[in-house]
Structures are given as C-alpha cells and as structure tokens.
Amino acid sequence: MSRTDDIRAAALELFTGRGYESTTMADIGAAVGIRGPSLYKHVASKQNLLAQIMTGTMQALMDLHRTAIATTTDPAERLRRATEAHVRYHARHRLEAFVGNREIRSLEEPHLSEVLAMRAQYEAGFRDLINAGVAAGRFQVNSSRLASYAVLDLGMGVAVWFREDGEITEDAVAWEYGEFALRLVGAND
C-alpha cells in the first residue's frame, strides 16, 4: 500500500469512529506516523479525503454493477447478479458504506454534487434493469424507482449487521438477497 492509501485508510477508520467533523488532519497524521504539516505533501485536505472515499466507493459500485450484468441478457439474472454484487460490496466494505451514508452531509461543493450524481447514476442502473424486466413481461411493479430504492436499501443494510465470522456466509447472504430482489419486483419465470 502507498503512503496515500495508508492515509486514506486511516481517515476512513477515523471518520467511522469519530465522525468527519471530530477528526482533524493531526489525528489522521498521527494514525499513520506523519506530523500534521507533512500530511499535506500527500493529500490536499480532509475534505478531499472524504470526497475520495465517497467517489471511490461509488466508482467501485458502478464498476461491479457493469461487470455483474455484462454476460447475460436475461432480466431476472441481470437483477440477481447486480443485487449480489451490491450486497457483496457492502458486506466487504462496511466502513465505506457507513461513512458514505453518514457523512454525505459533510461534503462540500463541488464534491457533494459529484457524489450525488454518481448515486443517481447507480440507482438508475438498477431502475433500468427493473424497467427492462417489466418491458419483457418478467417483472410486475408499480414503481421501478421505488423498487430500485428498496433493492439498494437491502444491500446497504448488510453493511450494518454482516460479519465475516457470523453464522451466515457472504455467499448465502448474497444469494438470498438476490432472491429477495426478484420477489420484490414480482419476478415470474
């Protein structure tokens, strides 16, 4: 890991534990063994660190989504795969999910608009999958937008309770949540 990656990881942990507002650049520097002023050789500001964490999270989610649906045209399988990728990311990246949800209020412009646009694009990807299933006569929903929000909420909730050493494996959670998503959209065979 590079020094910048170490700094970002330390900031992520501190933002999760203390919150963005209560974390100082000196705290981040101390966590990686760099004195406060020297930290600015590696990062521009605490705000930029927060923005990097959030945009990095959204970019990773969008990349995983594209990869998940790339090899099939079946609407139900595409929604299942996208949901499973979403759930797996949240199971593996709980801190990013926590900071992304809690600290959106701490983002300043232009970072706020950038992250909100990425979130809207990501949600639209799920909505498009649902609309395609409705158009193909495979899904039955009154509102594709509400259904996409519900599927996204499924995955985000995993970040709160999932633990690698818990009684339910990541594979089992991802599979079952894929089933939940299909039921949610009224999928039929």
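In which helix is the place of W161? W161 sits in helix α8, which covers residues 144-161. The views below show a predicted model.

**View 1. W161 and a nonpolar surface patch.** V160, W161 and I168 make a nonpolar patch of about 300 Å² on the surface. W161 has a relative accessibility of 39% and therefore counts as partly exposed, the range between 20% and 50%.

**View 2. W175 of helix α9 and its contacts.** Helix α9 spans residues 170-184 and includes W175. With neighbours within four places in sequence left aside, W175 is in contact with R80 and E84. The C-alpha atoms of W175 and R88 are separated by 9.9 Å, although the two residues are 87 apart along the chain. W175 counts as partly exposed, at 45% relative accessibility.

**View 3. Helix α5, residues 75-92.** The 18 residues of α5 reach 26 Å from first to last C-alpha, close to the 26 Å expected at 1.5 Å a residue. Of these 18 residues, 13 are buried, so α5 is largely enclosed by the rest of the structure.

**View 4. Aromatic pairs in helices α7 and α9.** The whole structure holds 4 aromatic pairs. One of them is the edge-to-face pair of Y122 and F126, with 5.3 Å centre to centre and 80 degrees between the planes. Both residues lie in helix α7 (residues 111-135), 4 residues apart, or about one turn of the helix. Y122 is buried at 6% relative accessible area, and F126 is buried at 0%. The ring centres of Y177 and F180 are 5.3 Å apart and their planes are at 50 degrees, so this pair is tilted. Y177 and F180 are 3 residues apart in helix α9, about one helical turn. Y177 counts as buried at 14% relative accessibility, whereas F180 is partly exposed at 30%.

Conventions. Residues numbered from 1 in each chain as written. Predicted model: local features only at pLDDT ≥ 70, side-chain atom pairs only at ≥ 80, totals over all residues. Heavy atoms only, no water. Helix = DSSP H or I, 4+ residues; strand = E, 2+ residues; numbered from the N terminus. Buried < 20%, exposed > 50% of the residue type's maximum accessible area, 1.4 Å probe, protein only. Contact = heavy atoms within 4.5 Å. Expected span 1.5 Å × (residues − 1). Patch = residues over 30% accessible without salt bridge, like charges linked within 9 Å, V, L, I, M, F, W, Y side chains within 5 Å. Areas by Shrake-Rupley, 256 points an atom, 1.4 Å probe, with all protein chains shown as cover. Salt bridge = Lys/Arg side-chain N within 4 Å of Asp/Glu carboxyl O. Phe/Tyr/Trp six-rings, centres within 6.5 Å; stacked < 30°, edge-to-face > 60°.
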